[in-house]
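Thanks, everyone. Let me put the model up, and then I'll walk through a few spots in it.

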Amino acid sequence: MDHVPTGMAILSTDAQLRVLYINHEFTRAFGYRKQEMKTARDWMELTYANAELRQQKLTSWLSEVQQAQVNRKPIPHRQAHVRCQDGSQREVILQTSLQRNLLLVTFTDITEQKRLQGELLKREKQFRGFVENANDIIYTVDLQGYVTYLSPNYQKILGVDPAEIVGKHVAEVLHPSDLPDGAAAFASVLQGQRVTGVEYRIRHADGEWSWQASNLGPMFDDAGCLSAVIGVGRDINLRKQAQEQLSLSEAHYRLLSDNARDVIWTLAPDGRITYVSPSVEQVRGYTPQEAMQQPLEQILTPASIALNLAYFSQVLADVAAGRKPQTFRGQMEYLCKDGSSYWCDVMATPILAEDGSLVELLGVSRDISEHKRFENELKQAKDATEALNRTLAAANEQLSRMASTDRLTGLWNRRHFEEAVTHEMIKADRYRHPLSMLIFDIDHFKAVNDQYGHLAGDRVLIGLSQIARQQTRDSDLLARWGGEEFVMLMPDTGPDDATTVAEKIRSAFAGHRFPDLGTVSASFGIAAFQLGESLDRWISRADGALYEAKQTGRNRVRLASA
């Protein structure tokens, strides 16, 4: 029990609740020695300053102990705050068990676990704030098509509580006519693709169907596997209504609408502009007479000029070769009188004479600036979502790293070591490869803390970590086991080579001088893995070798026997 890395105490079950024994880890973790605690009540006085709270905790615990003595039932675990001798607070799980006429009490320190949980909740709250304050609707769908999350903006835009939609299949939410396009987009995302500009209708709280446009992308878990689909939806209902109204208007008044809204122009075979409709003044600021006199450099941007000339040259080449030239349909950027520019959807049709010669080009330029603006906004929303995903991935990676490493030394922590050692033991058993373990700790470390303070002790721990890391290979696994104790797993390494490495670390550490401290030594225990051996047994043998090194004078290396 002296070497168990968990605080333990043995108490009598009589009325005095005398403290019969406490192990080293209890004293190291909380700072109290056995002579300071004659009874459980003494310990309560040291850890709980408030008398009322102290009596409440003690009474409750004694009641559970008495019930266990009578009913022979397990004593429930308790979670408690402990005030240590140095004034710090620790979170512990208190486990009490009856062992005949004695009470065995175990104190498991969960302070770091609590801190990490709090940090994780803080990060999650921060990123949830980003999502919930976005102007668009952000949502996630599982791989079966069920909605798993909707941002609060859903209610603001559609008047429906997101809780009413979460858990439903997307087929219950989309307009029936939009299901095929939605299914196709969903299938593309399941193949790892990103899909933009998916338009669909969903029900508004007033019963009407409302148009949305979404960008969809895949979400991956820590293992890199597709886990869900994330979407960013934008309300385009007003734009769709405007488009529908425009289509209806065009059906009845196509000629009038074209002449009123669009710029109609004609171009002679020699490249001269021969006609521009009056609407040019509304969009570009030039009168038709001014526009007809302008060279291309004053009408179009350089990229659009190149597109214009390429098409016009192709038309002339087709006419010369006796081929029917094709109609042009594309987007061009026009220059305005005020120095701005705007985008147009341009359609140009060659008008041919009976002999096949070119009479003129008839063109219609329609303003699509609003459409371009929506495209840019959708792109910005997509970029913002991707940036958020990268930030979330980086935060998750950081939290995962924090959960696997020791914050002070930067080495792997005990949890990570225990996960890795099992894998190496299986490999060693299967392939009969040598495998060795070093357990070492700093000699008289408590004296360093007592004489020079805990900050000096931290410098010693960091120094030993750096020296040991310099002696490790990429395949070795060096971890902080707890307190001033470290452990190193050495794959493909027999006991002789492990002893050589341990001697190098021991010698380097003993020869290192710390400012204001001088030199500090460490003792090492080595155990080579034996086929079929359990982890507990292996660690016990290495720990026994460490104990022997301590007992025979410290600052030395001992190899465990088979």
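**Cysteines, a sheet and one aspartate**

Start with Cys225: its relative accessible area is 41%, so it is partly exposed. Keep in mind that this is a predicted model.

Now Cys344. Is it buried or exposed? Its relative accessibility is 0%, so Cys344 is buried. Its closest cysteine sulfur belongs to Cys336, 8.5 Å away. That is too far for a bond, because a disulfide needs the sulfur atoms within 2.5 Å. The disulfide count for the structure is 0.

Next, the sheet. It is open, has 5 strands and mixed pairing, and the order reads β17-β18-β16-β21-β22. At the edges sit β17 (477–482) and β22 (557–559), each paired on one side only. On average, neighbouring strands are turned by 20° against each other, direction ignored.

Look at β16 and β21. They run antiparallel, joined by 7 bridges. In that pairing, Ile442 stands opposite Ala522 of β21.

Two helices lie across this sheet. Helix α14 (414–431) crosses β16, β17 and β18, at about 130° to β17. Helix α18 (535–551) lies across β16, β17, β18, β21 and β22, at about 145° to β21.

Last stop: Asp443. Where is it found? In the loop between β16 and α15 (445–452). Asp443 counts as buried because its relative accessibility is 3%. Its side chain makes a polar contact of 2.6 Å with the side chain of Lys550. A polar atom of the Asp443 side chain also lies 3.5 Å from the backbone nitrogen of Ala522. Beyond its neighbours within four places in sequence, Asp443 has contacts including Val520, Arg554 and Asn555.

Methods. Residues numbered from 1 in each chain as written. Predicted model: local features only at pLDDT ≥ 70, side-chain atom pairs only at ≥ 80, totals over all residues. Heavy atoms only, no water. Helix = DSSP H or I, 4+ residues; strand = E, 2+ residues; numbered from the N terminus. Buried < 20%, exposed > 50% of the residue type's maximum accessible area, 1.4 Å probe, protein only. Polar contact = N/O pair within 3.5 Å; in protein donor to acceptor, adjacent residues only side chain to side chain. Contact = heavy atoms within 4.5 Å. Pairing = 2+ DSSP bridges. Axes fitted to C-alpha atoms, helices over the stretch in contact; angles between N-to-C directions.
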